[in-house]
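This report describes selected backbone, helix, cysteine and sheet features of one model. The sequence and the structure are shown first.

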Amino acid sequence: MLNSSEPQRSKNFILNSLPQDEYDRLHPHLERVDLHQNDVLTRIREPIAYVYFPTTVLASWVYSTQEGETVEVGITGFEGVVGTTFLFNPNSAPWQVEVHLAGEAFKLSTDIFARVLNKSVVLRQKETAFTYLKLMQLTQSALCNRFHTVEQRLCRWLLAAHDRVQTSELLLTRDILASMIGSTRPAVSIVTGTLQTAGLIRATRGKITILNREEMEEVTCECYHIIKHEFDRYLQIK
């Protein structure tokens with residue numbers, strides 16, 4: 001639990017946006033946790049026990065086929081909260097949520113979150129706005145994975161991750177990147193090599209460094225720009 005006697009605002013956008021009285025309802029119950037790559041926060045078709053407010057961690061919503069093939073359908077960073085689909089179905093998560101960029105978050109039981117949500121007008125407004133943003137992301141990701149190239153999809157993912165973790169060095173393997181964009185490791189290796197030759201990224205074992213964001217935004221598809229517009233609009237909502 002948080003130890004200080006005074007409420008400490010976090011780097012999470014939703015928590016930071018709450019008026020003091022609403023934040024005070026949550027504060028005693030928030031637990032700061034360190035999350036590591038490949039940690040699973042919610043499991044598909046299982047009950048959700050906790051919600052997480054990311055601060056520096058990046059969480060991916062992952063869906064799998066019966067054959068074990070996976071694709072990411074959305075990501076959440078400092079802008080939002082993970083696990084709130086329990087509000088629609090308390091007994092079954094619609095997808096698995098995994099950590100792909102390690103970092104910190106605040107953990108809260110779903111029971112307490114639901115109780116505080118009923119009493120907190122601004123928290124409900126923020127949760128609704130965030131849910132809309134995630135629906136936009138989910139829809140655009142489905143279109144992108146169907147119609148756009150591996151290069152475009154990889155650039156979209158790297159840019160979206162960069163927006164949320166705000167560091168140019170992303171500790172990621174090619175296997176993770178392949179599963180995130182619904183591709184194969186060989187295809188991702190070829191594309192990262194092409195982007196590196198063009199000077200857009202530097203790819204080393206287990207790490208991708210973004211070198212030229214502006215040119216990467218030129219290479220990616222319109223999906224990134226549509227979601228980025230909604231992302232920026234969401235962060236401006238009062």
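Asparagine 38 is located in the loop that joins β1 (31-35) to β2 (40-42). In this predicted model, asparagine 38 is not a glycine, yet its phi is positive, at about 80 degrees. Its relative accessibility is 48%, so asparagine 38 is classed as partly exposed.

The following loop, between β2 and β3 (50-54), contains arginine 45. Here too a residue other than glycine has a positive phi, near 60 degrees in arginine 45. Arginine 45 counts as exposed because its relative accessibility is 57%. As background, most residues other than glycine have a negative phi. A further positive phi, near 55 degrees, belongs to glutamine 166, the residue that follows α5. The three positions are set out below.

| Residue | Phi | Place |
|---|---|---|
| Asparagine 38 | about 80 degrees | loop between β1 and β2 |
| Arginine 45 | near 60 degrees | loop between β2 and β3 |
| Glutamine 166 | near 55 degrees | follows α5 |

Helix α5 itself comprises 16 residues, 150-165. From its first C-alpha to its last, α5 reaches 22 Å, close to the 22 Å expected at 1.5 Å a residue. The helix is mostly covered, with 14 of its 16 residues buried.

How many disulfides does a search of the whole structure find? The search returns 0. Cysteine 144, accordingly, takes part in no disulfide, and the nearest cysteine sulfur, belonging to cysteine 221, lies 3.5 Å away. A disulfide would require the two sulfur atoms to be within 2.5 Å. Cysteine 144 has 0% relative accessibility and therefore counts as buried.

Why is the sulfur of cysteine 155 not bonded to the closest cysteine sulfur? The closest one, in cysteine 221, is 8.8 Å from the sulfur of cysteine 155, which is too far for a bond. Cysteine 155 also counts as buried, because its relative accessibility is 0%.

The remaining topic is a sheet. Three strands form an open sheet in the order β8-β10-β9, and their pairing is antiparallel. Its edge strands, β8 (169-170) and β9 (201-204), each pair on one side only. Between β8 and β10 (residues 207-210), the antiparallel pairing extends over 2 bridges. Within this part of the sheet, glutamate 169 is placed opposite threonine 209 of β10.

Terms used:
Residues numbered from 1 in each chain as written. Predicted model: local features only at pLDDT ≥ 70, side-chain atom pairs only at ≥ 80, totals over all residues. Heavy atoms only, no water. Helix = DSSP H or I, 4+ residues; strand = E, 2+ residues; numbered from the N terminus. Expected span 1.5 Å × (residues − 1). Buried < 20%, exposed > 50% of the residue type's maximum accessible area, 1.4 Å probe, protein only. Pairing = 2+ DSSP bridges.
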